[in-house]
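Open the model in your viewer and show it as a cartoon with side chains available. The stops below say what to select and what is found there.

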Amino acid sequence: MNKIDWIRKLTSRKFWLSVASFVSMLIVALGGAEQVATQVTGLIMAGATVIGYVIGEGLADAGNASGEGSGTAGE
């Protein structure tokens, strides 16, 4: 069984667009207003942007921290 690369999934725009689309269609299918579906989709995409940014910055910081002792940074 293969391990799932969650960091890659959580930073994928395609993943978040799929989640937002599914939730939006679910809201409409269950009788919710299209306006509500649009607002929820916007919130999901905004949250995805924050999650992607936080994970990306964390990975960048981790990469910078591991390279500090090499003497090549900042010279």
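Which elements are among those that cover the buried residues of α3? They include α1 (6–10) and α2 (13–29). Keep in mind throughout that this is a predicted model.

**Whole chain**

Start with everything selected. The protein has three helices and zero strands, and the order along the sequence is α-α-α. Of the 75 residues in the protein, 11% are buried.

**Helix α3**

Select residues 34–66, the 33 residues of α3. Put a distance label between the C-alpha atoms at the two ends of α3: they are 48 Å apart. At 1.5 Å a residue the helix should span 48 Å, so the expected span and the model agree.

Within α3, now pick out Ala-37, Ile-44, Ala-48 and Ile-55, which are buried. Bring α1 and α2 back into view here, since both are among the elements covering the buried residues of α3.

**α2 against α3**

Two packed helices are described by the angle between their axes and the distance between the axes. For α2 and α3, the axes come within 9 Å and cross at roughly 160°. An angle over 145 degrees counts as roughly antiparallel, and α2 is therefore roughly antiparallel to α3. The crossing of the two helices is right-handed.

Next, show the side chains where α2 and α3 meet. Select these two sets:

- From α2: Trp-16, Leu-17, Val-19, Ala-20, Val-23, Ser-24, Ile-27 and Val-28.
- From α3: Glu-34, Val-36, Ala-37, Val-40, Thr-41, Ile-44, Met-45, Ala-48 and Ile-51.

Colour the selection by residue class. The contact of α2 with α3 has 14 nonpolar, two polar and one charged residues.

**Thr-41 and Ser-24**

Is Thr-41 buried or partly exposed? Thr-41, in helix α3, has 21% relative accessibility and so counts as partly exposed; the cut-off for buried is under 20%. Leaving aside neighbours within four places in sequence, Thr-41 is in contact with Ala-20 and Ser-24. Add Leu-17 to the view: its C-alpha atom is separated by 8.6 Å from that of Thr-41, and the two residues are 24 residues apart along the chain.

Move across to Ser-24, which is found in helix α2. Ser-24 has a relative accessible area of 13% and is therefore buried. With neighbours within four places in sequence set aside, Ser-24 is in contact with Ala-37 and Thr-41. Ala-37 is one of the buried residues of α3 selected earlier.

**Lys-9 in α1**

The last stop is Lys-9, which lies in helix α1. At 40% relative accessibility, Lys-9 counts as partly exposed. Which residues does Lys-9 contact, leaving aside its neighbours within four places in sequence? They are Ile-4, Phe-15 and Trp-16. Trp-16 also appears in the α2 set that meets α3.

Finally, label the distance from Lys-9 to Gly-52. The pair is 43 residues apart in sequence and 9.7 Å apart in space, C-alpha to C-alpha.

How values were computed
Residues numbered from 1 in each chain as written. Predicted model: local features only at pLDDT ≥ 70, side-chain atom pairs only at ≥ 80, totals over all residues. Heavy atoms only, no water. Helix = DSSP H or I, 4+ residues; strand = E, 2+ residues; numbered from the N terminus. Expected span 1.5 Å × (residues − 1). Buried < 20%, exposed > 50% of the residue type's maximum accessible area, 1.4 Å probe, protein only. Contact = heavy atoms within 4.5 Å. Axes fitted to C-alpha atoms, helices over the stretch in contact; angles between N-to-C directions. Parallel < 35°, antiparallel > 145°, perpendicular 65-115°, else oblique. Left-handed = near helix turned anticlockwise from the far one by under 90°. Nonpolar A, V, L, I, M, F, W, Y, C, P; charged D, E, K, R; others polar.
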